[in-house]
Amino acid sequence: MNLIKNSPVDVSPERLAQLLAAAERAAQAAGEITLRYFRADMQIDNKAGEQAFDPVTQADRQAELAIRECLLNEFPDIGFHGEEHETVIGDSGLTWVVDPIDGTRAFMSGMPLWGTLIGLFNGRDAVLGVMDQPFLDERYLSIGGQSWLQSRGRRTTLKTRQNVALDRATMYCTTPDMFDTPDSQAAFSRVRDAVRLSRYGGDCYAYALLASGFVDVVLDCDLKPYDILALIPLIEAAGGVVSNWEGDSAVDGGFVIAAGSAELHQQTLQQLQAI
């Protein structure tokens, strides 16, 4: 499901700060739930049926309900679009876009490379982003052209690594198996062969590492809005670029590229689009 587009809603800096504070409270409520289940026994269901495996846990469902309750109670006029429950249409032109556990496979495997994503969509753009990793006590935040990491009582400004050419870049993707057509396989292989180092896994955490200056390129496909929207302002405010593989907005997900600089983004796009 794509997001409902409209004329972008102007949100004042003061209101954005209020909305970010609410998103942090919602992330805190979700973290109390996810930490109870992480590396513990939990129910795991398969949303894909017998032909594939798309896991969802009771932690996913309960955490999204906690986020939803926090945000809709405080801002009933703002819509809500999450992964696990039905969409709520608001009348403000704004929509919360939420993934309670991005990286469910990592979560159920005991790997701390997952996070809670809370983004705010203004009808055209992502204007607020939270990526919370409660097990590591890391919360990545962005509003108003700024992004930072809040961890262990310290605030650190995020800045992507600049002046890195593609042949010196570190690239992440969730798994190369996601590229399941000849064209997408060929495009991914061109980038993989061009970079210095390729690594796999990470889900949303790889994007946070890009915003922090440790990773240079992230490639993914088959993303939904709730997989990427909260991460866009984090990366862009840190100096990076996020788009789809055509170079257009990534708010609806699909095939997504994130890069640490405009130059590296363009170099990667050229490899993806080469014939």
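The following paragraphs describe a sheet, two helices that cross it, and the largest pocket of a predicted model. Local features need pLDDT of at least 70, side-chain atom pairs count only at pLDDT 80 or more, and totals for chains, interfaces and linings use all residues. Residues are numbered from 1 along each chain as its sequence is written, and side-chain values use heavy atoms, with hydrogens and water left out.

Seven strands form an open sheet in the order β3-β4-β5-β6-β7-β8-β9, with mixed pairing. Strands (E, at least two residues) and helices (H or I, at least four) are DSSP runs numbered from the N terminus, and two strands pair if DSSP finds at least two bridges between them. At the edges, β3 (79–82) and β9 (154–157) each pair on one side only. Within the sheet, β4 (residues 95–102) and β5 (residues 115–121) run antiparallel and are joined by six bridges; Thr 95 has Phe 121 in β5 as its bridge partner.

Helix α1 (residues 13–37) lies across β4, β5, β6 (126–133), β7 (138–143) and β8 (146–151), at about 25° to β6. Helix α5 (residues 204–211) lies across β4, β5, β6 and β7, and runs at about 110° to β6. Contact means heavy atoms within 4.5 Å; axes are lines fitted to C-alpha atoms, for helices over the stretch in contact, with angles from 0 to 180 degrees between N-to-C directions.

Strand β4 and helix α5 also appear among the elements that give two or more residues to the lining of the largest pocket. β12 gives the most, with four residues.

Conventions
On a 1 Å grid over the protein atoms alone, a cavity is a set of points where a 1.4 Å probe fits but cannot get out, and a pocket is an open set with protein on both sides within 12 Å along at least five of seven lines; lining residues have an atom within 4 Å of a point. Grid points are joined across faces, edges and corners, and a volume is the space filled by probe spheres set on the points.
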